[in-house]
Every structure is written in C-alpha cells, then in structure tokens.
Amino acid sequence: MKLSQFKYNLPEDLIASEPAAYRDEARLMVVNRKNKTIEHKTFKDILNYFEDGDLMILNNSKVFPALLYGEKEKTGARIKVLLLRELNKDTRLWDVIVDPARKIRIGNKLYFGDNDELVAEVIDNTTSRGRTIRFLFEMPYDQFKSIIYQYGKTPIPDLLQKKRDIMDEDEEWFQTIYAKNVGSVSAPFAGLHFSRELLKRLEIIGVDFAEITLHTGLGNFRSIDVEDLTKHKTDSEEMIVDETVVEKVNKAKDEKRNICAVGTTSMKALETATTLSGKLKMYNGWTNKFIFPPYDFTVANRLITNFHMPMSPMLMMTAAFGGYDLIMEAYKIAVNEKYKFFAYGDAMLII
C-alpha cells in the first residue's frame with residue numbers, strides 16, 4: 001500500500017489537548033470486523049465485550065521526564081534536549097534530539113539546571129536520531145538520575161506542545177496506571193484509558209492480564225517520507241517478553257480464548273516475538289517491526305487503540321488489523337461524530 005492511502009481530513013480542534021476528566025469515561029468506538037458494524041460506547045463499556053478467560057496484553061513501560069531545557073555555552077541560547085536512549089550508563093552517554101539542531105556542533109557544551117548543575121558535551125552530530133551527548137557528571141549514577149528527574153519534564157508530543165504548554169498534570173496524565181519499567185519517551189496511548197476500578201472489574205469477571213515491555217521511541221511520530229511503504233525504515237525500540245507472558249499467551253491460544261493487545265506497542269511486541277509456528281517466544285532485545293496492510297496477525301484477535309494521526313504508523317497497523325476499508329470508514333465516522341484524536345483522545349476496540 002501507499003502512504004497517500006492513509007490521508008484523511010482531521011480538523012485541528014479534534015486533536016485532544018487534555019484527557020477525559022476520568023480515564024475510563026472517554027468515548028469508545030467498537031468495530032466488529034466480522035459483521036462490519038460500528039457502535040458508539042464509553043470506554044468502561046469494554047466490560048460488555050470481554051468474558052471469563054480472555055487475556056489482555058498490557059505494555060508496562062513507564063515514561064521518564066526526558067525533556068530538558070538548557071542553554072548553550074557562551075551564547076546562552078535556549079535549547080531543548082529530548083533524551084532518547086541511554087547508550088552507556090557508566091560514561092553517561094545518550095542519544096538525544098536537540099532543538100534548534102542547526103546551532104549545535106560537536107564539542108559544544110550544554111548547561112542545565114538552576115545553577116548549571118548538569119553539563120553535557122556534544123560528542124557526535126551525525127546519527128540518524130539527532131545527536132550523541134555525554135553528561136560531564138562524576139557523582140554516583142543514582143545522583144545523576146535524580147537530577148535528570150528534578151529538571152526533566154514529561155515529554156508530551158510536539159503536536160500537543162503546539163496547542164499548550166506542558167503542565168504539572170501531564171506527569172500523571174501521560175502515564176498508564178500500570179507503568180513499571182522506565183524507558184519510554186511516550187506513553188502507550190490506549191493504556192491511558194484504564195482506571196484502577198476498571199481493571200479490577202475486568203479481573204472480577206475473569207479477564208487475565210499479561211505484561212510486556214516496549215519502550216516507545218519517537219519513530220511512531222516521525223513523518224514517513226516515502227510513498228512506497230515497503231521502503232520505510234522505522235527506529236528500533238527496546239522490548240521484553242518474559243516467560244510468564246509466553247506461558248499465558250500460548251495457553252490462551254491453545255484454548256482458543258480471546259487475546260487482546262492493548263495498544264499498537266503491545267501488538268508490535270507480540271508480532272515481533274512470534275515463532276514460525278505462531279507461538280510466542282521469550283524476547284529481550286530490539287524491534288524495528290513496521291506493520292501495514294496487508295498483514296496476517298498471529299497472536300491477538302482483538303485490539304484496543306486510540307484514533308491516530310493521518311499517515312502515521314499506528315494508523316497503518318490499525319488498518320492492517322481491522323481491514324483497510326473498514327478502518328478508514330470508521331475514521332470518517334469518527335471525524336463526523338467529533339471523536340477526539342491522538343494521545344489524549346478517545347479509543348477504538350476492534351473485535
């Protein structure tokens with residue numbers, strides 16, 4: 001398929017700048033692939049679509065305050081640094097994105113904190129992800145990380161930052177309630193809709209849960225610049241599928257129970273860690289899997305996801321799972337019905 005097939009008209013006022021007042025009271029569109037039907041519900045109504053024995057796969061990655069504001073040496077020019085990936089814990093080496101990038105050169109020093117408490121030196125500016133910097137910090141690692149957390153901000157996507165400034169509330173909003181393993185620069189959007197009460201009610205009716213970890217990077221938010229999707233290369237993301245998940249998923253598959261991926265990141269992890277026989281295997285490494293139609297999914301038969309931006313990888317995966325024609329029709333209806341889109345927007349359940 002071609003990039004242009006995933007264009008659609010999205011009015012800017014439908015991009016949610018804040019989440020629903022209560023996580024589980026966002027709107028929910030239920031798309032039935034077999035019957036080609038679309039229903040309009042509230043997110044907590046998912047209780048009516050799951051039963052005893054069903055399995056939900058959650059991405060427990062936790063967003064860290066990866067956005068730092070500082071100054072460039074000598075000129076004092078304001079710079080914004082997004083921490084993407086820790087390359088070496090001992091030498092404090094990180095891959096980052098610097099804005100404005102054109103003013104930053106190898107050897108430049110960058111200062112952060114009230115009293116320039118944190119200093120970094122630009123080591124490389126030729127990586128595909130932006131820059132590599134080394135923090136010049138000789139104190140113990142725990143102290144280094146505490147300073148990052150002290151001065152770092154929640155890295156809500158640029159699209160939202162254009163609508164409003166980052167607020168203190170984003171620290172809680174932009175995090176799932178089951179987040180555990182630190183490493184993402186973006187929350188798994190679909191998981192933001194789950195409240196503790198809703199999870200408990202699902203547990204009471206017999207729904208089981210398994211947790212994978214996929215640390216979300218910026219690859220999902222970069223513009224795709226090729227019309228032929230087979231030529232697109234996405235950024236790698238770190239992921240872990242442990243033995244507990246493997247046992248639960250393979251048992252559910254053998255017993256032909258429903259398996260629901262909560263979010264495209266969970267789906268990506270499942271599809272990365274499958275064997276040729278269709279079973280799940282343990283996995284601890286990196287994935288650059290890019291899923292677009294046509295694609296045969298091997299693990300999950302249900303997907304909970306948000307409404308995604310035009311021509312985004314998440315929309316493409318959703319269309320691959322739900323069927324291109326049905327999903328694109330659902331998106332037209334979502335626009336007409338004024339559903340909210342993107343990170344803080346409404347949700348879709350595909351069954």
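The buried residues of helix α1 pack against five strands: β5 (67-72), β6, β7, β9 (118-124) and β10 (131-135). This is a predicted model, and α1 is a good place to enter it. The helix runs over residues 141-151. Its buried residues are Y141, F144, K145, I147, I148 and Y151. They cover an arc of only 155° around the axis, which puts them on the same side of α1. The face turned away from that buried side carries the exposed residues D142 and Q150. So α1 has a buried side, set by that 155° arc, and a face turned away from it with exposed residues.

Next, the open spaces. The largest pocket holds about 680 Å³ of space. It is lined by 28 residues, and the closest to its centre are P157, D158, L159, F221 and R222. Several elements each supply at least two lining residues: β6 (78-88), β7 (93-99), α2 (158-161) and α7 (313-322). Two of these, β6 and β7, are also among the strands that the buried residues of α1 pack against. By class, the lining of this pocket divides into 18 nonpolar, 5 polar and 5 charged residues.

The second largest pocket has a volume of about 410 Å³. Its lining counts 23 residues, with L84, R85, E86, G183 and H215 nearest the centre. Strand β6 appears again. It gives this lining its largest share, 4 residues. At least two residues each also come from α1, β11 (181-184) and β13 (237-241). Helix α1 therefore has two roles in this account: its buried residues lie on one side of the helix, and the helix supplies residues to the lining of the second largest pocket. The class make-up of this lining is 9 nonpolar, 6 polar and 8 charged.

Now the enclosed spaces. The structure holds 2 cavities of 30 Å³ or more. The largest has about 110 Å³ of space. Of its 15 lining residues, A187, P188, F189, T264 and T265 are the closest to the centre. Helix α6 (264-272) and strand β16 (302-306) each supply at least two residues of the lining. By class there are 6 nonpolar residues, 9 polar residues and no charged residues.

The second largest cavity has a volume of about 100 Å³. Its lining consists of N220, T234, T264, T265, K268, K289, F290, I291, P313, M314 and M317. T264 and T265 belong to this list, and they are also among the residues closest to the centre of the largest cavity. Helices α6 and α7 each supply at least two residues here. Helix α6 thus contributes to the linings of both cavities. Helix α7 lines the second largest cavity and also supplies residues to the largest pocket. The lining of the second largest cavity has 5 nonpolar, 4 polar and 2 charged residues.

Charge pairs come last. Side chains of opposite charge can pair when their charged atoms come close. A search of the whole structure finds 11 salt bridges. One of them joins D170 and R164, with the closest N and O atoms 2.8 Å apart. Both partners are buried. D170 counts as buried because its relative accessibility is 0%, and R164 is buried at 13%, given a cut-off of under 20%.

K200 and E203 form another salt bridge, the closest N and O atoms being 3.8 Å apart. Why are K200 and E203 separated by about one helical turn? They are 3 residues apart in helix α4 (residues 196-204), so about one helical turn lies between them. K200 counts as partly exposed at 45% relative accessibility. E203 is also partly exposed, at 46%.

In a further pair, the side chains of D228 and K231 meet at 3.0 Å, N to O. D228 is partly exposed, with a relative accessible area of 22%. K231 counts as exposed, at 55% relative accessibility. Elsewhere, K251, E255 and R257 are linked in a network of salt bridges.

Key: Residues numbered from 1 in each chain as written. Predicted model: local features only at pLDDT ≥ 70, side-chain atom pairs only at ≥ 80, totals over all residues. Heavy atoms only, no water. 1 Å grid on protein atoms, 1.4 Å probe; cavity = no way out; pocket = protein on both sides within 12 Å on 5 of 7 lines; lining within 4 Å. Points joined across faces, edges and corners; volume = space filled by probe spheres on them. Nonpolar A, V, L, I, M, F, W, Y, C, P; charged D, E, K, R; others polar. Buried < 20%, exposed > 50% of the residue type's maximum accessible area, 1.4 Å probe, protein only. Arc of directions from axis to C-beta. Contact = heavy atoms within 4.5 Å. Salt bridge = Lys/Arg side-chain N within 4 Å of Asp/Glu carboxyl O.
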